[in-house]
Amino acid sequence: MTACPAHRPRLRRLWRLPTARVAGAASAVTAALAAGLLAWPWASAAVAVAGAAGVAGYAYRHRGRIGLEYRMLRALKDSAPGCPEDAEVPGLTAPVRAESGDDGVTRITARTYLDAVRALGHAMGRDRGFQLDLMRRTGSGRLAEVWGRAALASDTEYRRLGLAAAARTATERLAEPERELLAAFADGVNAAFEQTTPFECRFLSYRPRPWRAEDSVLTSLLLFHSLSWNEQAKRAEAVVRRALPAPVADFLLPGTGAPVLPPDLARHRGEAGADGLVALDRAVPGSNCWIAPGDEPLLACDLHLALGLPNVLYEVDVAWPGTRLRGLAVPGLPVVLTGTNGRIAWGVTNLTADVLDLVPAGTDGPRTRTEHIRVRGRQPVTVDITTDGTLPVSPTPLCGEQVAVRWTGHDPRAADLRFHRLARATDLQEAVSVLDDAHGVALNVLVTDGERRAHLATGLLPRRPAGGSRTAPADGHLSGPERPRIVDPADGVLVSANDAALPEEEFRIGLDLDPGHRARRIRAVLGSAERHDAAGMHALQHDITAGLYRPYRDLAVAALEPTDPVRTLLEEWDGTAATGSRAFGVLVRLREELAQRVLTPYLVACREHEPTFRFPFRDLDRPLLAILDARDRALLPAGTTGVDALVAACVRAVARERPAKWGSLNRVGLGHPVTALAPWADAVLGIRPRPQAGMLHSVRTAVPGFGAAGRVVVTAGDLVTAELPAGQSGHPLSPHYADRHVRWASLPSSPPRARRAGCGYELRPGRTADVLDGSAAESR
């Protein structure tokens with residue numbers, strides 16, 4: 001089939017290869033000089049010869065890299081996408097009509113739900129085939145087979161974690177609807193794998209093995225791991241409680257709600273500090289999601305995840321009689337995380353649940369086995385894996401003691417995938433019933449049917465009584481109705497931003513919850529008007545108010561002399577994380593300086609118990625500001641005469657760095673994983689860093705490597721807006737590889753343009769292919 005204009009490969013991206021740029025520039029300069037010397041033919045010829053010799057010399061010096069460039073060039077051109085062609089998909093009960101629009105999203109119209117899922121699998125396999133394979137290889141600890149020794153650390157970690165074994169067990173215990181769902185999805189993915197090999201696989205000289213239901217379950221567990229593996233926080237809490245008295249530990253640690261300074265806090269201030277004790281602003285997977293009243297209830301959701309290419313999310317648009325399902329899904333999972341089915345709308349955020357316990361190893365007798373990791377181009381590497389019963393034993397002792405990790409994700413119910421049944425729910429009551437019956441990944445879920453609305457905790461949540469010990473292991477898991485929820489609030493507004501929004505009077509579910517700056521800003525904006533529209537919701541997703549930093553601005557203004565130019569700069573700050581703001585850059589560094597100087601002396605004792613200890617918690621501003629607001633010199637670092645003197649000294653230290661505009665400090669780009677092996681390919685495969693407004697604690701979250709992986713505004717009946725950091729396709733020569741980045745990266749200025757029709761094609765029933773063993777299906 002001939003490629004239509006909207007899908008014609010963008011070969012000009014290939015000119016970004018280093019050799020093409022150097023050779024092109026040299027040829028252009030040589031031609032210009034030669035043309036200017038045509039009056040002297042001998043000089044013109046000499047310039048041409050010198051230019052050719054220079055290019056030849058460059059090619060000889062870089063011949064190794066040029067060989068790899070040629071290999072990538074061939075891989076890209078041989079797999080260049082055009083309009084999708086008709087194809088056969090095993091298992092289809094009837095032909096499926098698909099249309100790839102000018103936004104790259106494939107609109108699927110099928111006769112049944114499972115046929116729509118098969119077609120979705122085909123579209124994902126075609127658009128994101130390598131991404132699917134990369135995720136399952138990562139989760140199973142088999143990336144080094146194609147990646148080489150650069151992946152050994154990752155493979156070792158995931159082998160010890162045991163996700164592959166957990167996925168196999170969970171797959172065996174799936175209910176029949178989920179078995180059918182994943183089998184149908186695998187049919188579609190494998191049909192796409194038969195049609196085309198992703199360019200990355202061509203470049204690395206292998207073909208992906210057929211997709212299996214187990215791979216989707218593994219993808220779900222990999223997602224759960226990224227959202228909930230809080231071993232670092234658990235270790236830090238254990239060390240703080242061992243090193244410091246209970247009142248001091250409660251004051252410093254999150255979730256304890258200690259509102260006042262312990263009376264003997266000054267006695268526990270160390271005289272010397274230590275480098276790197278306080279870890280500020282770790283990028284924790286989160287999200288914003290809210291429901292607000294309008295002509296009909298509006299749900300806005302932006303999911304905060306690691307940024308990269310291809311997008312970590314994939315836009316879905318599938319229809320079958322009576323239903324049109326639209327929203328965002330994780331590649332490899334036929335499950336819409338946030339979207340609408342025409343009757344209800346839903347969105348999710350990370351629950352930041354307490355789903356992990358560190359327990360003394362040895363209860364069931366630790367056993368060690370040896371596994372072999374195949375490494376491309378090298379001999380296999382052995383790794384020892386120790387387990388205590390079914391629990392993985394951490395290779396790193398805790399305060400000198402061996403510990404095992406009890407994580408909810410190892411329970412087969414953690415990947416039951418019953419969340420997908422929301423796709424066919426008809427109203428709020430049915431949606432709540434679906435979520436009560438489901439376990440799976442621990443999430444906040446906001447849902448509305450246009451009349452009613454609810455915010456529920458879902459997932460396999462450990463039973464932790466609210467008044468119990470924070471360090472005691474959980475006793476079983478909560479049933480669906482026991483999980484906290486809010487239904488039909490009086491003001492019609494529901495907000496979840498990874499904060500403590502749900503009641504925890506009976507059971508404690510969260511660990512190191514977000515301090516709530518984003519949630520408070522969202523509520524403030526929503527509370528300023530009685531009715532809202534989609535444009536307003538979209539604008540709120542891009543809000544860059546930085547309320548977290550106002551107390552630090554006030555401290556600095558009070559501490560500095562009236563004639564100090566930094567004071568003037570801070571007085572004029574507009575309260576936002578705008579790219580052009582120099583004041584905000586000063587405040588970010590001021591907060592960092594104060595946190596290190598003030599909190600480190602209280603934490604230095606922790607290093608005596610754990611040499612690698614770091615304080616990783618997000619709620620550090622609560623104890624930090626409480627100490628500064630007390631204005632007690634005894635609480636401040638040794639040698640400090642007062643709070644004003646300390647703050648002024650920190651400001652001077654920051655000012656010596658010549659603060660730049662925030663946009664110069666906060667430059668966000670997108671990188672492709674292959675550039676870890678071939679850095680020279682970043683210009684072809686990546687999106688260069690650009691100044692970005694916002695930060696971790698503003699509604700618009702955007703920092704290097706982390707931010708909104710997708711933004712949507714939906715109603716119960718329609719998806720109104722959808723933004724992705726790049727494009728729908730995973731192929732660099734596709735026009736839909738990076739076509740949505742400009743809108744995602746820009747503050748809102750205009751509504752999105754209407755979607756136009758693109759290339760249409762048909763998927764037809766085909767014979768069922770034999771699923772080969774994974775090792776036989778791959779080759780190098």
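In this predicted model, a convenient place to begin is a residue pair where two strands meet: Thr340 stands opposite Ala345 in E9. The two strands concerned, E8 and E9 (residues 345–350), run antiparallel and are joined by 2 bridges. Together E8 and E9 make a hairpin with 4 residues between them, and in its turn Gly342 has a positive phi of about 90°.

Strand E8 also has a partner in E7 (residues 323–329), with 4 bridges joining the antiparallel pair. Here Gly327 is found opposite Gly339 of E8. E7 and E8 form a hairpin as well, with 6 residues between the strands, and Gly332 in this hairpin adopts a positive phi near 105°. How much of E8 is buried? Of the 5 residues in strand E8 (residues 336–340), 5 are buried, so the strand is largely enclosed by the rest of the structure.

Moving on from E7, strand E6 (residues 314–320) is joined to E7 by 7 bridges, and these strands run antiparallel. One of the facing pairs brings together Asp317 and its bridge partner in E7, Arg326.

These strands can now be placed in their wider setting. E6, E7, E8 and E9 belong to an open sheet of 11 strands, whose order is E1-E24-E2-E3-E6-E7-E8-E9-E15-E16-E17 and whose pairing is mixed. At the edges of the sheet lie strand E1 (87–90) and strand E17 (485–487), each of which pairs on one side only. On average, neighbouring strands of the sheet are turned by 25° against each other, direction ignored. For readers following the side chains along a strand, it helps to recall that in a regular strand they alternate between the two faces of the sheet.

A helix accompanies one end of this strand order. Helix H13 (residues 428–437) lies across strand E15 (443–448), strand E16 (453–458) and E17, and runs at about 5° to E16.

There is also an open sheet of 3 strands, with the order E11-E12-E13 and antiparallel pairing. Its edge strands are E11 (366–373) and E13 (391–392), each pairing on one side only. E11 and E12 (residues 381–388) pair in the antiparallel sense over 8 bridges, and along this pair Thr370 stands opposite Asp384 in E12.

Among the helices, H10 (residues 213–228) offers a clear example to look at. This helix has 16 residues and reaches 23 Å from its first C-alpha to its last, close to the 22 Å expected at 1.5 Å a residue. Is H10 mostly enclosed or open to the surroundings? Since 13 of its 16 residues are buried, H10 is largely enclosed by the rest of the structure.

Stepping back to the whole chain, the model contains 25 helices and 24 strands. Buried residues account for 57% of the 780 residues. Of the contacts between residues at least 6 apart in sequence, 73% join residues at least 24 apart. The chain exposes about 31300 Å², with carbon and sulfur atoms supplying 53% of this area.

A final point concerns confidence. The mean pLDDT of the chain is 90, and 88% of the residues reach 70 or more. Over residues 769–780, however, the pLDDT is below 50, and this stretch has 24 contacts in the model beyond near neighbours in sequence. Where pLDDT is low, the predicted coordinates should not be read in detail.

Key. Residues numbered from 1 in each chain as written. Predicted model: local features only at pLDDT ≥ 70, side-chain atom pairs only at ≥ 80, totals over all residues. Heavy atoms only, no water. Expected span 1.5 Å × (residues − 1). Buried < 20%, exposed > 50% of the residue type's maximum accessible area, 1.4 Å probe, protein only. Contact = heavy atoms within 4.5 Å. Areas by Shrake-Rupley, 256 points an atom, 1.4 Å probe, with all protein chains shown as cover. Pairing = 2+ DSSP bridges. pLDDT = per-residue confidence, 0-100. Axes fitted to C-alpha atoms, helices over the stretch in contact; angles between N-to-C directions.
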